[in-house]
Amino acid sequence: MAEAQKIILPQAVGRTRQKHRREGGWRALPPIPACYNPRRRETRWLHGWVTSTPTAVPHARMKKGFYTIMAAQFFSSLADNALFVAAVELLKTSGQPEWQRAALVPMFALFYVVLAPFVGAIADARPKGQVMFFSNLIKVAGCLMLLFGSHPLMSYAIVGLGAAAYSPAKYGILTELLPNSQLVQANGWIEGLTILSIILGVLLGGQLVGPVVSSHLLALDLPVLNLGIDTPAEAAIASMVLLYALAAAFNLRIPRTEAPLQPIAHSMLGLVADFHRCNRRLWSDKLGQISLATTTLFWGVSGNLRYIVLAWAAVALSYDTTRASALVGVVAIGTAAGAVAASMRMRLDQAPKVIPLGIAMGLLVIGVTVTTHVWVSAPLLILLGGLGGFMVVPMNALLQHRGHNLMGSGRSIAVQNFNEQAAILGLGGLYAGMTKLGLSAFAAMAIFGALVAGMMWLIRRWHQTNCVQHRVEVDHLLALARSDPH
């Protein structure tokens with residue numbers, strides 16, 4: 001902040017801002033304060049008086065709307081993860097080949113990639129609570145398609161369509177509602193709650209398709225309607241409709257922020273061109289590219305590990321879907337602990353320091369493949385999740401911070417989703433193809449672990465090179481991340 005408070009001639013400020021406009025990153029420059037009037041809560045910048053909102057302290061109480069967002073996210077994510085287990089069981093009991101079960105993950109990611117140029121712009125052009133509400137209704141439509149005869153892969157892709165529209169609004173509203181000083185903390189709570197919903201969701205899905213709970217669900221009989229729900233998987237999917245409806249009800253309670261709505265380009269080609277510029281701009285940013293590469297790799301691998309762990313537990317431990325889903329929850333327990341720890345200990349400008357944890361994650365994945373006893377594999381899976389949670393929270397926050405400054409929150413989250421889900425789609429398609437050719441779950445986990453360790457080592461080298469060759473720019477961007485005086 002001492003740098004920002006130096007007296008700078010207005011002409012120099014103008015030239016600097018023109019330079020950054022040409023480079024596409026002018027929003028990143030902090031304003032140059034001349035004096036601050038605490039009575040009026042205004043700061044006199046070199047170009048005049050502007051009203052400023054007092055910056056929140058890191059441990060200040062979150063705004064009321066944040067807790068509504070958390071509730072909506074929890075129930076929507078809970079239903080997403082329970083539905084995944086139910087869809088796996090539906091394919092399994094209907095006699096579909098294993099590669100179709102593995103294909104559920106990339107099919108969910110399909111519309112994240114296809115619609116990436118459009119969903120971010122829509123999230124910035126409409127109130128984000130409204131976008132989240134309609135996204136949950138699309139998920140309800142996907143559940144109904146699963147129940148009434150559509151192909152499970154196609155129906156699950158429609159649920160992914162709702163999730164693709166939901167995500168930019170869910171994360172983008174954080175940067176509109178909260179100051180920079182609370183972004184890591186807010187991401188920690190959101191990620192921690194998301195991981196909790198994953199734990200409870202996979203456990204809920206496993207129990208709903210199990211013999212005890214499913215027998216009670218199938219015994220329920222509506223006096224007039226005959227919905228044709230005859231299997232445990234179908235009963236579980238029907239239950240998800242209620243959870244998505246509850247999440248939609250919370251979406252209606254999300255407050256409208258003061259952030260201005262950004263108009264959408266008038267043509268599809270204009271949206272694609274705008275998205276391409278945003279994607280290129282984020283990959284060109286010396287901190288944005290590192291955080292984007294890290295989160296892309298993390299979610300690409302962890303998204304597919306959700307199914308690979310199910311397949312590995314069936315082979316290595318002879319678990320059915322109900323018990324194997326508990327192991328996915330075990331990974332999520334560690335991730336939740338790591339996410340909360342990161343939100344309490346990490347600052348925005350410290351995010352690059354967590355990159356070595358990704359290398360350790362890859363080596364742990366390889367270690368899990370050689371275990372055949374649950375009392376050995378479970379602690380390793382918890383540690384694996386903990387490292388991932390501690391790594392991804394500050395990286396997500398840094399990526400949101402850079403994206404918000406460069407292009408707006410909704411567009412930056414859409415770029416992030418595009419890259420992450422493209423990794424899930426590519427790696428999931430690769431795994432499904434290898435499964436069709438007879439690759440074992442042991443070999444798949446080992447390949448994914450080696451991929452994580454190797455790629456994270458390359459990302460670490462990339463950041464070290466940036467710190468040497470572009471030291472001034474990297475130092476400037478880190479200073480922006482810590483520019484909050486509190």
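A charge sits over a ring if NZ of Lys or CZ of Arg is within 6 Å of the ring centre and within 35 degrees of the ring normal. The model is predicted, so that local features need pLDDT of at least 70 and side-chain atom pairs count only at pLDDT 80 or more, while totals for chains, interfaces and linings use all residues. Residues are numbered from 1 along each chain as its sequence is written, and side-chain values use heavy atoms, with hydrogens and water left out.

**Exercise 1.** Find the ring over which Lys-436 lies.

*Solution.* Lys-436 lies over the face of Trp-99, at 5.0 Å from the ring centre. Elsewhere, the charged end of Lys-139 is placed over the ring of Tyr-166, 4.8 Å from its centre.

**Exercise 2.** Check the length of helix H15 (residues 374-406) against its expected span.

*Solution.* Helices are DSSP runs of H or I with at least four residues, numbered from the N terminus. The expected span is 1.5 Å times one less than the number of residues, which gives 48 Å for the 33 residues of H15. The end C-alpha atoms of H15 are 46 Å apart, in agreement with that value. H15 is also mostly covered, since 25 of its 33 residues are buried (under 20% relative accessible area, with a 1.4 Å probe and protein chains only).

**Exercise 3.** Classify the ring pair of Phe-74 and Phe-75.

*Solution.* Rings of Phe, Tyr and Trp (its six-membered ring) pair if their centres lie within 6.5 Å, and planes under 30 degrees apart count as stacked, over 60 as edge-to-face and the rest as tilted. The whole structure holds ten aromatic pairs. For Phe-74 and Phe-75 the centres are 5.2 Å apart and the planes stand at 80 degrees, so the pair is edge-to-face.

Notes: Helices (H or I, at least four residues) and strands (E, at least two) are DSSP runs, numbered from the N terminus. Buried means under 20% relative accessible area, exposed over 50%, partly exposed in between (1.4 Å probe, protein chains only).
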